[in-house]
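Me: I would like to go through this model by asking, for each term used of it, what the term rests on. Please set the values against the criteria as we go.

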Amino acid sequence: MDYREVEGAREYVARLDHGVGWRSQIEAFADEEKIDAAFFVGLGAVQDATLLFYDQDDQEYDDVEFDEPFEVVPAVGNVSWLEGERFAHTHMTLSREDGSVVAGHLDEATTFAGELYVREFDTELAREHDETTDLDLWPL
Amino acid sequence: MDYREVEGAREYVARLDHGVGWRSQIEAFADEEKIDAAFFVGLGAVQDATLLFYDQDDQEYDDVEFDEPFEVVPAVGNVSWLEGERFAHTHMTLSREDGSVVAGHLDEATTFAGELYVREFDTELAREHDETTDLDLWPL
Amino acid sequence: MDYREVEGAREYVARLDHGVGWRSQIEAFADEEKIDAAFFVGLGAVQDATLLFYDQDDQEYDDVEFDEPFEVVPAVGNVSWLEGERFAHTHMTLSREDGSVVAGHLDEATTFAGELYVREFDTELAREHDETTDLDLWPL
């Protein structure tokens, strides 16, 4: 396991905007506050969601779209640099009225309501292409 | 996205009491320690659970009751003030013996065993009615 | 609820090794860094997984094996001492290409890729047998 000891920096609690993309508004916030490395956890609800699943054999993302409301239980992710932009790598678990669940890597979801805790680190994390997985990972 | 930069305050690790409500004992702990703002993550098991799903059209919570044992994988939530009381807003993902999963906003669940990390913030968070969603959210 | 106020100590961001056990490499890292108490959150993907479910009546773990790739959405857990070894108590929620989900207490899973935030505490947590549940829990 490759790892980096980091120093905690700024911390935030946030209320996500209604009707706006969950991931895009985390990225806009990260740009505004110039956050170069962070982890976050969140909960709330979304109006729809497009989730991605990484096909480990084909090394491509497949997407699945859900046009229905969900509780977000939870969202967990991090902020780092990817190809010159701040990227909020987000995995989301979503539940329906009967308790049933879907989950995956978040492409995007329209926020109904959301609450987030963000912990910034005093370092910069940047993704680079990893040959083994064909994913963009941190060289730590 | 509305947000507030916060300072980290006290931190706790906790073992939840067997046979007692998961949410109510977090709220009792928050009262005892006078915690006015915190996020938490936890894992464990419960003996039953009542989950809520927010109907985004009708703007009402619908509940679904499960009278069976589950693993808690995980619970994520926060502590803030709601109508004069400390409220532990908790979303919980629950799994069965065959791996199948249900999840939602936690009304209450009887704890079998539970472990929690609580991070307090040096601020006060209080929920107020939000017109758009008819939920009680933080004005940040 | 039994709890202990703790001081935050070192913090880490990590990239898990491909092809290696998710839990075992967290434990190897904890040994290397001499971490005696921590919580972590993570996300990523695994190539397979063996999950456990604690039978609350029989007080035994039942296992269920999945020989297929999954997204990890998320993994939440902690590090503490169990019978003389550092143990990474880990609960994992896993999703498939169609969004469907399984979850449970992680026995082990082969990592495809993984990202972790680890927060160490300046204390030592050690598990002891609990008569009520027949689990190994923290006396706090």
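Reply: Let us begin with the sheet of this predicted model: nine strands make up an open, antiparallel sheet, in the order β1(A)-β2(C)-β9(C)-β3(C)-β6(C)-β7(C)-β8(C)-β4(C)-β5(C).

Me: What makes β1 of chain A and β5 of chain C the edge strands?

Reply: Each of the two, β1 (2-6) of chain A and β5 (60-66) of chain C, pairs on one side only. From one strand to the next, the twist averages 30°.

Me: How do you know that β3 and β6 of chain C are paired?

Reply: Two strands count as paired if DSSP finds at least two bridges between them. Strand β3 (residues 38-46) of chain C is joined to strand β6 (residues 70-82) of chain C by eight bridges, so the criterion is met, and the two run antiparallel. Within this arrangement, C:Gly44 stands opposite C:Val72 in β6(C).

Me: Which strands does helix α1 of chain C touch where it packs on the sheet?

Reply: Helix α1 (residues 22-33) of chain C touches β1 of chain A, and also β2 (8-16), β3, β6, β7 (85-95), β8 (101-108) and β9 (111-121) of chain C. The direction of this helix makes about 145° with that of β7(C).

Me: Why is the pair C:Arg127 and B:Glu115 called a salt bridge?

Reply: The term requires a side-chain nitrogen of Lys or Arg within 4 Å of a carboxyl oxygen of Asp or Glu. In the pair C:Arg127 and B:Glu115 the closest N and O atoms are 2.7 Å apart, so the pair qualifies. The rule finds three salt bridges across the interface of chain B and chain C, and it also finds 19 residue pairs in polar contact there.

Me: Which element supplies the largest share of the side of chain B that touches chain C?

Reply: That share, seven residues, comes from β2(B).

Me: How much area do chain B and chain C bury between them, and which three residues of chain B supply the most of its part?

Reply: The two chains bury about 3400 Å² between them, with 65% of it on carbon and sulfur atoms. B:Val13, B:Arg15 and B:Glu115 supply 23% of the area that chain B buries against chain C, which is more than any other three residues. Counted by contacts, 40 residues of chain B meet 40 residues of chain C.

Me: What does the UniProt record add for chain A?

Reply: The unreviewed entry carries the annotation "domain: PPC" over residues 6-140 of chain A. Over those residues the chain is 9% helix and 59% strand, and the end C-alpha atoms lie 11 Å apart.

Technical notes:
Residues are numbered from 1 along each chain as its sequence is written. Chains are lettered from A and ligands numbered from 1 in the order in which they are written. This is a predicted model: local features need pLDDT of at least 70, side-chain atom pairs count only at pLDDT 80 or more; totals for chains, interfaces and linings use all residues. Side-chain values use heavy atoms; hydrogens and water are left out. UniProt positions are given in the numbering used here, feature names are shortened, and annotations may be inferred rather than shown by experiment. Helices (H or I, at least four residues) and strands (E, at least two) are DSSP runs, numbered from the N terminus. Axes are lines fitted to C-alpha atoms, for helices over the stretch in contact, and angles run from 0 to 180 degrees between N-to-C directions. Contact means heavy atoms within 4.5 Å. Buried area is the accessible area (1.4 Å probe) that two parts lose on being put together, summed over both. A polar contact is a pair of N or O atoms within 3.5 Å; within protein, one must be able to donate a hydrogen and the other to accept it, and residues adjacent in sequence count only if both atoms are side-chain atoms.
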